[in-house]
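Reader: I am a first-year student, and I would like a close look at a single part of this structure. Please pick one strand and walk me through its surroundings.

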Amino acid sequence: MKKIYISSTFKDLREHRAAVTLALRKMGYEVRCMEEYTATDERTDARCREDVATCQFYVGILAQRYGWIPPGEQRSITEIEYRQARSQGESTRCLMFLLDEDAHWPLNWVDALHDRASAEKLAVFKKELDGESTHSFRTVEDL
């Protein structure tokens with residue numbers, strides 16, 4: 001059975017993650033995602049890297065938040081997961097879904113309005129994805 005890792009910021013994309021996870025499981029895929037982790041003494045970023053390494057597909061969903069940066073890291077957990085998937089070369093296919101620039105989005109989930117440093121990191125990350133296999137979404141249903 002093919003394994004797929006779902007990656008995104010969590011609070012703002014909770015519904016999106018749940019919808020994608022449900023759809024993929026109905027299609028018979030094994031889905032890995034951080035919200036299903038149990039409490040351990042293992043660092044979250046290490047666990048995420050390990051899980052991504054076992055998957056054949058990485059699905060990244062990006063909206064308007066950069067996300068949580070683990071202690072001692074320079075990148076968000078979402079970007080760390082993406083970089084782990086990319087480092088695996090052809091063994092892990094990356095599919096990226098980016099929120100359409102014209103999509104309606106709650107203002108409380110827009111880094112550009114609340115956290116300039118995170119907004120800048122998100123912009124750099126998204127720019128790096130130019131040319132990747134990216135797809136646009138506006139709603140949960142689009143995914």
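Author: What follows is a look at strand S4 and its neighbours. This is a predicted model: local features need pLDDT of at least 70, side-chain atom pairs count only at pLDDT 80 or more, and totals for chains, interfaces and linings use all residues. Residues are numbered from 1 along each chain as its sequence is written, and side-chain values use heavy atoms, without hydrogens and water.

S4 spans residues 93–99. Strands here are DSSP runs of E with at least two residues, and helices are runs of H or I with at least four, both numbered from the N terminus. Six of the seven residues in S4 are buried (under 20% relative accessible area with a 1.4 Å probe, protein chains only; exposed is over 50%, partly exposed in between).

Take the S3 side. Strand S3 covers residues 57–62 and runs parallel to S4, with six bridges between them. Two strands pair if DSSP finds at least two bridges. Tyr-58 faces Cys-94 of S4. Ile-61 faces Phe-97 of S4. From S3, the chain passes through helix H3 (residues 77–87) to S4, a right-handed β-α-β crossover. Right-handed means that, with the strands pointing away from the viewer, the path from the first strand over the helix to the second runs clockwise.

Now the S5 side. S5 holds residues 134–137 and pairs with S4 in parallel over four bridges. Met-96 stands opposite Thr-134 of S5.

Step back to the whole sheet. Its five strands form an open sheet with parallel pairing, in the order S2-S1-S3-S4-S5. S2 (30–32) and S5 are at the edges with a single partner strand each, so each has one side without a neighbour in the sheet.
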